[in-house]
Amino acid sequence: MAVMDVRNSSKGWLVLWLEPLGEDRWLKPGEVVRVRSDYGGDEPAFSVDFWEDDRDRDAGIQNINVWIEQGDCYAEVTDHAGNVVECGHQRPEEVDRKWRASLGELPEQT
């Protein structure tokens, strides 16, 4: 099993994006989550990409992508007590509203 901790050492939000699924977990300052993959081979199970967006930075938000490179892409994310942390964890309501509104603006797929 491959395990990696992600810690928010910033003063604002850190959004953990679990890829390739595009799942988000919002970490408060000081919060730590653990990403677990079922992969037990010799190749790296994860890769990490930190990125910033001017609007996010202005809002006190930083982003990190954790790519599941090996094993099942449905990695488990847990808190310090071992409780599963689901997609959308602590996502601010105003962000959720904006995302839902923008989805409504997308043309329907046929």
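Two strands count as paired if DSSP finds at least two bridges between them, strands (E, at least two residues) and helices (H or I, at least four) being DSSP runs numbered from the N terminus. The model used here is predicted: local features need pLDDT of at least 70, side-chain atom pairs count only at pLDDT 80 or more, and totals for chains, interfaces and linings use all residues. Residues are numbered from 1 along each chain as its sequence is written, and side-chain values use heavy atoms, with hydrogens and water left out.

**Exercise 1. The sheet**

Find the order of the strands in the open sheet that contains β4, and state which strands stand at its edges.

Step 1. Strand β4 (residues 32–37) pairs with strand β7 (residues 76–78) through three bridges, in the antiparallel sense. Val35 lies opposite Val77 of β7, and Arg36 opposite Glu76.

Step 2. β4 is also joined to strand β1 (residues 2–7), by six bridges, and these two run antiparallel. Here Ser37 of β4 is the bridge partner of Ala2.

Step 3. The order is therefore β1-β4-β7, an open sheet of three strands with antiparallel pairing. β1 and β7 are at the edges: each has a single partner strand, so one side of each has no neighbour in the sheet. On average, neighbouring strands of this sheet are turned by 20° against each other, direction ignored.

Step 4. The covered face of β4 holds Val33, Val35 and Ser37, while Val32, Arg34 and Arg36 are on the uncovered one.

**Exercise 2. The aromatic pair**

Identify the aromatic pair and state its geometry. Rings of Phe, Tyr and Trp (its six-membered ring) pair if their centres lie within 6.5 Å; planes under 30 degrees apart are stacked, over 60 edge-to-face, the rest tilted.

Step 1. The whole structure yields one aromatic pair. Trp13 and Trp26 form this pair, at 5.8 Å centre to centre and with 85° between the planes, which is edge-to-face.

Step 2. Trp13 belongs to strand β2 and Trp26 to strand β3 (residues 23–27); they are 13 residues apart, and the pair links distant parts of the chain.

Step 3. Buried means under 20% relative accessible area, exposed over 50%, and partly exposed in between (1.4 Å probe, protein chains only). Trp26, at 3%, is therefore buried, and Trp13, at 23%, is partly exposed.

Terms used: Axes fitted to C-alpha atoms, helices over the stretch in contact; angles between N-to-C directions.
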